[in-house]
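Ready for a few warm-up exercises? Have a look at the sequence and the structure first, then work through the tasks below.

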Amino acid sequence: DVYKRQSEDFAPMQFHIPEANISDLIILLQLVVLLPYLGLEDLLELALLLLPKHHERFTSCVLVHGMGGTGKTVTAVAAVQQRTVRAHFAAGGIYWLTVGADAVGDKISQLQAVLFKQLAGTAMKGEGKDDHERQAMLVAAMGGKRGRALVVLDDPWMPEQVRYLNPIDASQSAEHRLLITTRIRDLVPKATRVELPLMGKD
């Protein structure tokens with residue numbers, strides 16, 4: 001069945017979540033509960049889109065969009081847990097950042113610091129710097145990766161959030177990948193989109 005076929009390809013949860021909190025635990029619980037109902041075609045398409053050599057629709061940014069309740073975050077977690085995806089990004093790592101609609105002002109600075117620590121392994125020394133300068137520090141940290149890396153931005157709502165939290169520049173796009181889950185279809189105009197329909201009861 002679908003659950004068996006999917007679960008055979010999963011590796012243990014290893015991607016970088018800075019600190020376990022209630023929202024992370026809810027996501028993991030949703031994954032366990034909803035995995036049997038995820039569309040296998042959507043899941044496999046998303047996993048393949050993260051592996052450019054396997055898919056002609058490659059872009060450096062893959063955007064999973066849909067209405068609330070469509071399972072965007074759960075599908076992203078499931079795709080990231082695919083063994084082929086994990087192996088592809090084993091050298092550089094997989095990094096997860098939950099954004100949210102309220103991430104503006106100081107919250108953006110806090111998220112930049114969280115992501116920087118994940119990427120660089122040290123605290124961001126961003127005192128006195130603006131969002132553009134801190135984003136440049138994220139790019140520099142990503143540039144220090146010796147292998148391919150995947151960054152997941154979960155639930156951004158505004159282009160500015162993606163702009164300031166994206167650690168990948170054009171020169172790095174051939175190696176690294178950005179995966180975004182959002183309700184906003186055109187949040188990143190040049191991204192490759194995967195639309196999730198509402199989950200059915202069957």
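At 19% relative accessibility, D131 counts as buried (buried is under 20% relative accessible area, exposed over 50%, partly exposed in between, with a 1.4 Å probe and protein chains only). Keep in mind that this is a predicted model, where local features need pLDDT of at least 70, side-chain atom pairs count only at pLDDT 80 or more, and totals for chains, interfaces and linings use all residues. Residues are numbered from 1 along each chain as its sequence is written, and side-chain values use heavy atoms, with hydrogens and water left out.

**Exercise 1.** Find the partner of D131 in a salt bridge, and say how the two sit in their helix.

*Solution.* Step one: look for a side-chain nitrogen of Lys or Arg within 4 Å of a carboxyl oxygen of Asp or Glu, which is what a salt bridge is. R134 fits, with its closest N and O atoms 2.7 Å from those of D131. Step two: check the spacing. The two are three residues apart in helix α7, so about one helical turn separates them. (Helices, H or I with at least four residues, and strands, E with at least two, are DSSP runs numbered from the N terminus.) Step three: check R134 for burial; at 9% relative accessibility, R134 is buried too.

**Exercise 2.** Work out which residues are joined with R185 into one salt-bridge network.

*Solution.* Start with the pair R185 and D186, whose side chains meet at 3.2 Å, N to O. Then follow the shared partners: R185, D186 and R193 end up in one network. Now look at exposure: R185 is partly exposed at 44%, and D186 is partly exposed at 48%. For the bigger picture, the whole structure has four salt bridges.

**Exercise 3.** Describe the largest nonpolar core and say which helix gives the most to it.

*Solution.* A nonpolar core is a set of buried Ala, Val, Leu, Ile, Met, Phe, Trp, Tyr and Cys residues joined through side-chain atoms within 4.5 Å. The largest one has 28 residues, and L119, V151, L153, L178, I180 and V188 touch the most other members. Helix α6 gives the most, with five residues. Next, zoom in on L119: leaving out residues up to four places away in sequence, its contacts (heavy atoms within 4.5 Å) include Y95, L138, V151 and P167. Finally, don't mix this up with a second, separate core of 14 residues, which includes V64, V85, I94 and V152.
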